[in-house]
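Colleague: Could you take a close look at one part of this model for me, the way two of its helices pack? If there is room, I would also enjoy a few words on the ligand.

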Amino acid sequence: MAIATQLEGWSPDSWQRRTTLQQPQYRDRGALERAVLALSRLPPIVVSWEIDELHRHLASAQRGETFILQGGDCAESLDDCSSERIVQQLKILLQMSLVLVHELKKPIIRVGRLAGQYAKPRSADTETKDGVTLPSYRGDIVNRAPFDAVSREPDPELLLRGYERAALTLNFVRALIDGGFADLHHPEYWDLEFMRHSPKYEDYKRIVESLSDSLNFFESITGRPVHDAQRVDFYASHEGLHLLYEQAQTRYIQRTGRWYNLSTHLPWIGVRTAGIEHGHVEYFRGIANPIAVKVGPAADPAYLKELTRALNPGNVPGRLTLIHRLGAKDIAAKLPALIDAVRAAGAEVLWVCDPMHGNTESTSSGLKTRRFDNILAELETAFRVHASMGSQLGGAHLELTGDNVTECTGGARGLSDGDLARAYRSTVDPRLNYEQALEVAMRIGRYARR
Ligand code: PEP
Ligand code: CO
């Protein structure tokens, strides 16, 4: 039996027998054990049938029938778990998805980077400033960002605080969606002033007007608001980095005879922790959730062959998403070999493009940024390469916010390095702001239709 083989030697804690990277070092093991036990007794954030439903959507994206829009903050923060942020985040994702429905003429599956996106991989374990060395900030579920010894000490209680915030977040998302979220659907409510600055202004205006016409037409013939007719699906995802957190909510579900990670619908493995023999791949291979893995420029064909075999030995459609994040500079040279390698391995995967993480750079003043043109160039190349190889690009993975931050340069308003300090709020990676995110959605439409 495929399932039995897949699970051979696996248990929710079998990863603990492997080398596991990027895990915090807690001083007080007793406090850690108490926190993990408490976490494992809390009710889940999502349920297995929602996870199975997303799994089916991912399988259809793999066949080219739907498109995945995955996006949100690089890292959520405990302090910023506010109704405004959640509304803004949902609003931009819904608006982008409407643009995409209109342009791609297929259903869009929305997946937030939220309700658990709290743990961050770091390139170094410690950070040194003015001769003082402290543990690196690893996300609000582990420690706190300010550079002092107390903030940087990993605190097991934060696992619980993060889980509670994740539950609050998804609870509010569900309520907004059930309530219809009406004013966010209609282009009349969109903030499109920024488009006037864009050379593509006329194109964008046409898209939005036509979207508005379609919605009005639908509502006048059915006699009810569009959100009554069609429930908006929305799923949660986060990097499954902190394996004690992930393990604590891993439950056996009688109905399917499988183990599910009920802290999120779609967990993914980051590029720094995706070694075949390491703890993350071990943990992920046994859970029944659809899973994703980030694939960077260092991935080679032999690695992809082993990875797809370890994580999806039964070649189940929708089970495994590969999110390539190669950078605008490298994508044309590297992506074809990755597509060939997966094909040669006989593996079925869903390909998604993350045009953010391969394009991070630092300004002369030391701020992390990404150039809008590089983000667009990587997306455009991704669509072109997949199409030319007869492969399907089934989604985009973005770091974005519905707020008017200044973290990535470029876009319709032409933000420069000098503008960044004005509203730079990310504690980790730079995100697309509202305008830039909407513009990306419109561009994706164009690239996909070409
Ligand atoms: C992230 O998605 O925030 C991240 C750290 O990505 P990657 O693993 O691709 O570097
Ligand atoms: Co990031």
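Modeller: Happy to! In this predicted model, helix α2 and helix α6 are roughly parallel to each other, because their axes cross at roughly 20° and angles under 35 degrees count as roughly parallel. Helix α2 covers residues 29-41 and helix α6 covers residues 157-178, and their axes come within 8 Å. If you would like to find the contact on your screen, look along α2 for L32, A35, V36, A38 and L39. Across from them, α6 contributes L159, L160 and Y163. By residue class, this contact holds eight nonpolar residues, with no polar and no charged ones.

Now for the ligand, as you asked. Around ligand 1 there are 13 residues, and those that come nearest are R113, K120, V271, K294 and R325. The shell around ligand 1 divides into seven charged, four nonpolar and two polar residues. Some of its side chains are worth picking out one by one. R113 places a polar side-chain atom 2.9 Å from an oxygen atom of ligand 1, and for K294 the corresponding distance to a ligand oxygen atom is 2.8 Å. H357 also has a polar side-chain atom facing an oxygen atom of ligand 1, at 2.9 Å. As for cover, ligand 1 has 300 Å² of accessible area on its own, and the protein covers 97% of that.

Conventions. Residues are numbered from 1 along each chain as its sequence is written. Chains are lettered from A and ligands numbered from 1 in the order in which they are written. This is a predicted model: local features need pLDDT of at least 70, side-chain atom pairs count only at pLDDT 80 or more; totals for chains, interfaces and linings use all residues. Side-chain values use heavy atoms; hydrogens and water are left out. Axes are lines fitted to C-alpha atoms, for helices over the stretch in contact, and angles run from 0 to 180 degrees between N-to-C directions. Helices (H or I, at least four residues) and strands (E, at least two) are DSSP runs, numbered from the N terminus. Angles under 35 degrees count as roughly parallel, over 145 as roughly antiparallel, 65 to 115 as roughly perpendicular and the rest as oblique. Contact means heavy atoms within 4.5 Å. Ala, Val, Leu, Ile, Met, Phe, Trp, Tyr, Cys and Pro count as nonpolar, Asp, Glu, Lys and Arg as charged, and the others, Gly among them, as polar. A residue is near a molecule or strand if one of its heavy atoms lies within 4 Å of it. A polar contact is a pair of N or O atoms within 3.5 Å; within protein, one must be able to donate a hydrogen and the other to accept it, and residues adjacent in sequence count only if both atoms are side-chain atoms. Accessible areas come from the Shrake-Rupley method with a 1.4 Å probe; for residues, only the protein chains shown count as cover.
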